[in-house]
Amino acid sequence: MGSYFSNKMDDSDIQCTLCSKRDIPNAAVIWCAVCDEKLCQSCNEIHKYLKISSSHEVTALDVYKKLPTFISSLKQTCDSHEEHFKLYCPAHREPCCYKCTTTKHKTCHGFQTLDSLIEQSQTQFLDLECTIDELNINIETVFNNRTAALIELDDQVLDLAMHIKKTGEKLREKLESNEKEILQQLSVVHSKYKAIFENTVEELQTMKAEIKSLQKNIEEMKEFASEYQFVLGSQEIRLKLKKEKDNFCKYFENDHQLSQKNVALKFTPGQILNQDIFLGTLVVEEVACEIPFKKNASLEAAFPLDIFQNIESVKMHTSSQTKILEGKVTRNLAGCTFLENDQMLLSDWSDNNELLILDKQGEHLRNIVLDKKAFDVVYVGNHCVCQ
Ligand SMILES: [Zn+2]
Ligand SMILES: [Zn+2]
Ligand SMILES: [Zn+2]
Ligand SMILES: [Zn+2]
């Protein structure tokens, strides 16, 4: 395609083709579709009265300029043979001249004359307009759908962003107050057990000093005291020692007195710091499009597209019924075929050895007698049947 498009000149310098050939600069005013020439006023006068071109329909150049470029630049003559296009090649989807059918298009089939195409153009235009209507309606529907979807997407994202920010703020607030609270608790726990521990250490310090002094007393007594002093003195020391021992043993009676106080957090913050998810995970859910393609009813009626139906969609129904009344003959109808004239041929799988012919409405017309019975029958054309 494309070879039958001529180069459209700039609007401003469209010159009369005939005058240009004689180097006369004359602005063109009309365009002849048949000659594919742009002519000035005076050349148009000649063109109008010449026998060969008097029937040519011309278009004012102003109108010609209004056509889309791909339409106005359509060529009307064949470059190879300098003849007017008369045919249309459906294989190449392009117009051609008669001579082309022996050259470029010599293997092509199904040529249509441009005249016949022009005759059909009325319905083709209707087809195009219907298709445009159909597309317009459907594009509008999908356009509205997508525009709404865009707004909804924006809204959703904005809502989510706000939600994430708010939740983040709340979490930070919670975290901060939690931090303060737990530090406060920690300080309380610290003070409490620090006091207990310090108290114990102090008691033990006193105990150590007391024991040391008693030890010193014993050593001094051993060296300097009389036997009398030793007896009474050691009784005194024994009493003091017993008191110290009793005091000391109290630490072991009370389980909690010497227990270590390990302060720890039940919930380990380290674990949560290894996570990347605090505010949730984003999920994009895909919802199938529910918009059906609306077919243009007038387009359907004029140009039915669904000629080929799915076998499942074919519904059987009885359009006519017939009773074959022939006395008391028993028939065993097994096969059926249609003849070219829409008559129906039935095979009778019984000893009647006959084929039955019915008309379009199912009325029994006549029988064909066979030399033996036929199970099935098929029409093979050319007025012949096979049994
Ligand atoms: Zn001219
Ligand atoms: Zn012409
Ligand atoms: Zn040609
Ligand atoms: Zn062709």
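A residue is called buried when its relative accessible area is under 20%, exposed when that area is over 50%, and partly exposed in between, using a 1.4 Å probe and protein chains only. By that rule serine 73, at 6% relative accessibility, counts as buried.

Before going further, I should say that this is a predicted model, in which local features need pLDDT of at least 70 and side-chain atom pairs count only at pLDDT 80 or more, while totals for chains, interfaces and linings use all residues. Residues are numbered from 1 along each chain as its sequence is written, chains are lettered from A and ligands numbered from 1 in the order in which they are written, and side-chain values use heavy atoms, with hydrogens and water left out.

Let me stay with serine 73 for a moment, which sits in the loop between α4 (69-72) and β4 (87-89); helices here are DSSP runs of H or I with at least four residues, strands are runs of E with at least two, and both are numbered from the N terminus. The C-alpha atom of serine 73 is 9.6 Å from that of aspartate 36, although the two residues are 37 apart along the chain.

Now to the zinc ions, beginning with ligand 1. Which residues coordinate the zinc ion (ligand 1)? They are Cys16, Cys19, Cys40 and Cys43, each through its SG atom, at 2.2 to 2.3 Å, where a donor is an N, O or S atom within 2.8 Å of the metal (3.2 Å for Na, K and Ca), and since water is not among the atoms, sites may look incomplete. Along the chain these donors follow the spacing C-x2-C-x20-C-x2-C, and both cysteine 40 and cysteine 43 are buried. The four donor atoms around this zinc ion (ligand 1) subtend angles of 105 to 115°, so the arrangement is tetrahedral, a label that four donors earn if all angles lie between 85 and 135 degrees.

The zinc ion (ligand 2) is held by Cys32 (SG), Cys35 (SG), His47 (NE2) and His56 (ND1), at 2.0 to 2.3 Å, and the angles of 103 to 120° between its four donor atoms make that arrangement tetrahedral. Its donors are spaced C-x2-C-x11-H-x8-H. Cysteine 32 belongs to strand β1 (residues 30-32), whereas histidine 56 is in the loop between α2 (41-49) and β3 (58-60), so this pair ties together parts that are 24 residues apart in sequence. Cysteine 32 and histidine 56 are both buried.

For the zinc ion (ligand 3), the protein donors are Cys78 (SG), His81 (ND1), Cys97 (SG) and Cys100 (SG), at 2.0 to 2.3 Å, with the spacing C-x2-H-x15-C-x2-C. The site of this zinc ion (ligand 3) is tetrahedral, with angles of 98 to 124° among the four donor atoms, and cysteine 78 counts as buried because its relative accessibility is 5%.

Is glutamate 82 buried or exposed? Glutamate 82, found in the loop between α4 and β4, counts as exposed because its relative accessibility is 70%, and it has a positive phi of about 50° although it is not a glycine. Arginine 93, in the loop between β4 and β5 (94-96), likewise has a positive phi, near 55°, and at 58% relative accessibility arginine 93 counts as exposed.

I will finish with the helices. Helix α5 (residues 114-224) and helix α6 (residues 227-253) pack at an angle of about 160°, with their axes 11 Å apart, where axes are lines fitted to C-alpha atoms, for helices over the stretch in contact, and angles run from 0 to 180 degrees between N-to-C directions. The two helices, α5 and α6, are therefore roughly antiparallel to each other, a term for angles over 145 degrees. As for the record, an unreviewed UniProt entry lists residues 197-224 as "coiled-coil region", and such annotations may be inferred rather than shown by experiment. Over residues 197-224 the model is 100% helix and 0% strand, with the end C-alpha atoms 40 Å apart.

Key. Four donors count as tetrahedral if all angles lie between 85 and 135 degrees; four count as square planar and six as octahedral if opposite donors are over 155 degrees apart and all others between 65 and 115; anything else is irregular. Angles under 35 degrees count as roughly parallel, over 145 as roughly antiparallel, 65 to 115 as roughly perpendicular and the rest as oblique.
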